[in-house]
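Please open the structure in a viewer and keep the sequence at hand. The tour below proposes a series of selections and describes what is found at each.

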Amino acid sequence: MFTFSLFALSLYTFLMPHYFTLQEANETLKEIRPLMEEVQRIRRKILQNQPEAWPAMERSAGNGGNRALSNMVQDFEKFDALIHRIQELAVLIKDINLGLLDFPALKDGREVYLCWQYGEGEIAFWHEVEAGFAGRQPIESF
């Protein structure tokens with residue numbers, strides 16, 4: 001009975017969203033940059049090998065596998081682990097191809113996003129939740 005109560009509590013307990021200050025977001029970027037570098041490296045490798053992937057999958061069906069596919073599976077597993085690690089930091093991945101990340105923040109009591117794109121330095125933009133990337137504004141107006 002006691003275990004059931006704990007289980008029931010966990011079913012209905014929701015985590016509060018984490019809101020970043022600009023300083024916290026920039027500090028978190030120090031951890032994210034190497035992760036995103038690896039994500040982008042694996043992404044490029046997968047895209048580069050994409051033309052070979054489908055024929056290799058067709059050939060390996062029923063014959064026990066293929067070395068190229070085994071390597072690709074390892075890349076996908078590493079890619080997946082990196083994505084999960086970034087998400088564990090309470091960062092929102094908006095576009096993996098662009099390397100676009102949003103850090104939830106509060107501005108005047110409402111949720112907004114501090115916005116960073118792979119290749120940029122520190123966070124230089126923010127936007128309203130509904131505005132998206134197209135609505136990015138300079139961080140000076142934050």
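The tour goes from the whole chain to the sheet, the core, an aromatic pair and one helix residue.

**The whole chain**

Begin with the entire protein chain, shown as a cartoon; please note that this is a predicted model. The secondary structure comprises three helices and five strands. Read from the N terminus, the elements follow the order α-α-α-β-β-β-β-β. The chain has 142 residues, of which 32% count as buried. If a surface is displayed, its accessible area comes to about 9,400 Å², and 59% of that belongs to carbon and sulfur atoms. Among contacts with a separation of 6 or more, 44% are between residues 24 or more positions apart.

**The sheet**

Next, select the five strands. They form an open sheet in the order β1-β2-β3-β4-β5, with antiparallel pairing. Which strands stand at the edges? They are β1 (92-95) and β5 (137-138); each has a single partner strand, so one side of each is left without a neighbour in the sheet. In general, strands of a sheet pair through backbone hydrogen bonds, either parallel or antiparallel.

Now restrict the selection to residues 110-117, which are strand β3. Four bridges join β3 to β4, and the two strands run antiparallel. Within this region, Val 112 stands opposite Glu 128 in β4.

Moving on to residues 125-128 brings up strand β4, which pairs with β5 in the antiparallel sense over two bridges. Phe 125 has Pro 138 of β5 as its bridge partner, while Trp 126 has Gln 137 of β5.

**The nonpolar core**

Select Val 91, Leu 101, Phe 103, Leu 114 and Ile 123 and show their side chains. In the largest nonpolar core, which has 24 residues, these five touch the most other members. Each of α2, α3, β2 and β3 supplies at least two residues of this core. The element that gives the most is α2, with eight residues. As a general matter, nonpolar side chains tend to be buried together in soluble globular proteins.

Centre the view on Ile 123. Which residues does Ile 123 touch, not counting those up to four places away in sequence? They are Leu 22, Ala 25, Asn 26, Leu 29, Phe 103, Leu 114, Cys 115, Trp 116 and Ile 139. Two of the core residues just selected, Phe 103 and Leu 114, thus appear in this list.

**An aromatic pair**

The structure holds two aromatic pairs; one of them is formed by Phe 20 and Phe 103. Select both rings. Their arrangement is edge-to-face, with 5.2 Å centre to centre and 85 degrees between the planes. Phe 20 lies in the loop between α1 (2-11) and α2 (22-60), and Phe 103 in strand β2 (residues 100-107), so the pair ties together parts that are 83 residues apart in sequence.

Are these two residues buried or exposed? Phe 20 is buried, with a relative accessible area of 5%. Phe 103 is buried too, at 0% relative accessibility.

**A residue in helix α3**

Finally, select residues 67-88, which form helix α3, and find Asp 80 there. Asp 80 has a relative accessible area of 41% and is partly exposed. Add Val 39 to the selection and draw a distance between the two C-alpha atoms: Asp 80 and Val 39 are 8.9 Å apart in space, although 41 residues separate them in sequence.

Notes:
Residues numbered from 1 in each chain as written. Predicted model: local features only at pLDDT ≥ 70, side-chain atom pairs only at ≥ 80, totals over all residues. Heavy atoms only, no water. Phe/Tyr/Trp six-rings, centres within 6.5 Å; stacked < 30°, edge-to-face > 60°. Buried < 20%, exposed > 50% of the residue type's maximum accessible area, 1.4 Å probe, protein only. Pairing = 2+ DSSP bridges. Contact = heavy atoms within 4.5 Å. Areas by Shrake-Rupley, 256 points an atom, 1.4 Å probe, with all protein chains shown as cover. Core = buried A, V, L, I, M, F, W, Y, C linked by side-chain atoms within 4.5 Å.
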